[in-house]
Amino acid sequence: MDIGKARAMARLGVLLAGCLAAGGAAAQTLAIASSAPVTSIDPHYHTLSPNQSFDSHVYDRLVDRDAKGKSIPGLATSWKLVDDTTWEFKLREGVKFHDGSDFTAEDVSYTINRVPRVKNSPASYSIYTKAVKSIEVVDPHTIRIHTNGPYPLLPLDLSQVFIIPHGLGPDPATEDFNSGKDAIGTGPYRFVSYKPGDRIEMERFDGYWGKKPDWQHVSYRMISNDAARTAALLAGDVGIIEFVPPTDLPALRKDERVRLSEVVSNRSIFLWLDHSRTGPTPGVTGPNGETLDKNPLNDLRVREALSIAINRNAIVERVMENAAIPTGQYLPPGAPTYNPAIKPPPYDPTRAKKLLAEAGFPNGLRITLNGPNDRYVNDAKILQAVGQMWQRIGVQTSVEPSPWSNFISRAGKQEFSVFLLGWGVSSGEGTNPLRAQLATWNAQRGLGTANRGRYSNPKLDAMIDQAMQTMDDKAREKLVQDATALAMADVPVIMLHLQKNIWATRKGLVYEPRTDEDTRAMGVHPAAH
């Protein structure tokens, strides 16, 4: 099928989505409402959850993850340690790319080598390939990856890297993926068109190696407004929405047209604090607006005061409508490397005032609190709630939410000092946030790639390095738990809560909730499926 015909069919699919999305086994088109924009079709450009959710349709990984976060075979059927620094992956045979070429070990080598060379990446995937020293193609369906020292988490790391064909040539440009020219994978759907900020159209790839999806066409729509997303579902314009607004939950639970699926997620919501400046920092001044000669956020007492001035239970109950749980760390209870000794910081405004006074700010501070207003569940409301709580301890807070695209660009340039973000632990274990978020930023080593506050703690770095070289699973888990405890005690970020992942589908459809937040058309089935 040529691209023009495919696009025409996709447009027809969009028109029919409302009546077909919940139409049972005969349905051909599924319209999905994503809650945040996909920033690129390039699967190695930006480590962002909406990107990874979309990428799972067009591209495949060597190692995939099931709905509970367990590693399962993807393009690799098995993997094993040959020695402490060598992993061998057996690759799936008979797999085709969307352009008809065969998937082989050359594609894996090409992909891994390309990842750290992607230009202008706002959050690089190189963190997942930094341990690779060399790649040995044993035969077309066997590859050995040699690491820089013992590295037990290589299969987990590679579960974040999508494979592309080596036929794309040296260093394909991100723009060529966005145009569709290079958007070629082995996934269950082939790319048709991309309208940034609006929608992506896909068509089922009949040459897919795995189970055939139920839907011939998928319209992947980006609807960041909560009310608009719910309205689209109730009107039948889409078959499934993600991040169901908590304020809509009571009504939706009673609505016979809707079916809900939910699970506590690996997505934490927190506040970044600027650690990059020793002198004045943007948006933080004395109580009368006077410029400070030192960055007060470098004082642990100030960071702790800001943390314990927040009533996390109140945010969960009143803002999130219990669609979250308070947290003091990145992972939910029961996850590998979760540390049960780390509790959500207690609400203690009296002690918060005392700590500020001890730090030299008895009359408080002025802080500008930034964040997105269209990315996370109730993000703008969370900002307002935190601002009001800080006012009670003498921190005059100006809340400035903004659209995600503008906000994340400025945050990446370290223009803010205190700002809200989230992090989804897609690997399901604690080395992921420690390496990406809290390790000292080091582009050459691929560490701290998402460390937007530029936090740096040499002792923590050493503990992370030790954990990453420990092959014994139990010993490594203890090291990660200890490293997490060290980090959280230093308050590099102010943890708030873990979101619950909640999807709503039209009657007649079912969806298995995923801890990794992915909304996959392949997981949406007619109820009788």
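## Two loop residues with positive phi

At 44% relative accessibility, Asn322 in this predicted model counts as partly exposed, because that class covers values from 20% up to 50%. Asn322 is placed in the loop between α9 and β14, and its phi is near 65°, a positive value in a residue other than glycine.

Glu321 lies in the loop between α9 (312-319) and β14 (324-326), and here too the residue is not a glycine although its phi is positive, at about 55°. With a relative accessible area of 35%, Glu321 is partly exposed. As background to both descriptions, most residues other than glycine have a negative phi.

## Strand β10 and its partners

Strand β10 spans residues 217-222 and is mostly covered, since six of its six residues are buried. His217, Ser219 and Arg221 point one way from the strand, while Val218, Tyr220 and Met222 point the other way, and all of them are buried.

Two pairings of β10 can be described. Strand β1 (residues 29-34) runs parallel to β10 and is joined to it by six bridges, with Val218 of β10 as the bridge partner of Leu30. Strand β9 (residues 199-204), by contrast, pairs with β10 in the antiparallel sense over five bridges, and in this pairing Arg199 stands opposite Arg221 of β10.

## The surroundings of Thr519

Is Thr519, a loop residue, buried or exposed? Thr519 counts as buried, because its relative accessibility is 0%, and its place is in the loop between β19 (509-511) and β20 (524-526).

The side chain of Thr519 takes part in a polar contact of 2.4 Å with the side chain of Glu242, and another polar contact, of 2.8 Å, links the side chain of Thr519 to that of Trp503. When neighbours within four places in sequence are left aside, the residues in contact with Thr519 include Ile32, Ser53, His57, Ile240 and Tyr511, and Tyr220 is also one of these contacts. Tyr220 is a buried residue of β10, which ties this loop position to the strand described above.

## Nonpolar cores

In soluble globular proteins, nonpolar side chains tend to be buried together. The largest nonpolar core here has 135 residues, of which Leu62, Phe89, Ile200, Trp390 and Leu438 touch the most other members. Helix α11 (residues 379-391) gives the most to this core, contributing six residues. A second, separate core has 14 residues, among them Ala31, Val238, Leu252 and Val258.

Ile200 also has contacts with strand β10: not counting residues up to four places away in sequence, the residues it touches include Val218, Ser219, Tyr220 and Met222. Val38, Ile41, Phe54, Phe191, Ser193 and Tyr194 are likewise touched by Ile200.

## Cavities

How many cavities of 30 Å³ or more does the count come to? The count comes to four, and the largest cavity has a volume of about 230 Å³. This largest cavity is lined by 20 residues, of which Thr47, Leu48, Ser49, Gly422 and Trp423 are the closest to its centre.

The elements that give two or more residues to the lining of the largest cavity are α2 (49-58), α12 (404-412) and β17 (418-424). The largest share of that lining comes from β17, with four residues.

Methods
Residues are numbered from 1 along each chain as its sequence is written. This is a predicted model: local features need pLDDT of at least 70, side-chain atom pairs count only at pLDDT 80 or more; totals for chains, interfaces and linings use all residues. Side-chain values use heavy atoms; hydrogens and water are left out. Buried means under 20% relative accessible area, exposed over 50%, partly exposed in between (1.4 Å probe, protein chains only). Two strands pair if DSSP finds at least two bridges between them. A polar contact is a pair of N or O atoms within 3.5 Å; within protein, one must be able to donate a hydrogen and the other to accept it, and residues adjacent in sequence count only if both atoms are side-chain atoms. Contact means heavy atoms within 4.5 Å. A nonpolar core is a set of buried Ala, Val, Leu, Ile, Met, Phe, Trp, Tyr and Cys residues joined through side-chain atoms within 4.5 Å. On a 1 Å grid over the protein atoms alone, a cavity is a set of points where a 1.4 Å probe fits but cannot get out, and a pocket is an open set with protein on both sides within 12 Å along at least five of seven lines; lining residues have an atom within 4 Å of a point. Grid points are joined across faces, edges and corners, and a volume is the space filled by probe spheres set on the points.
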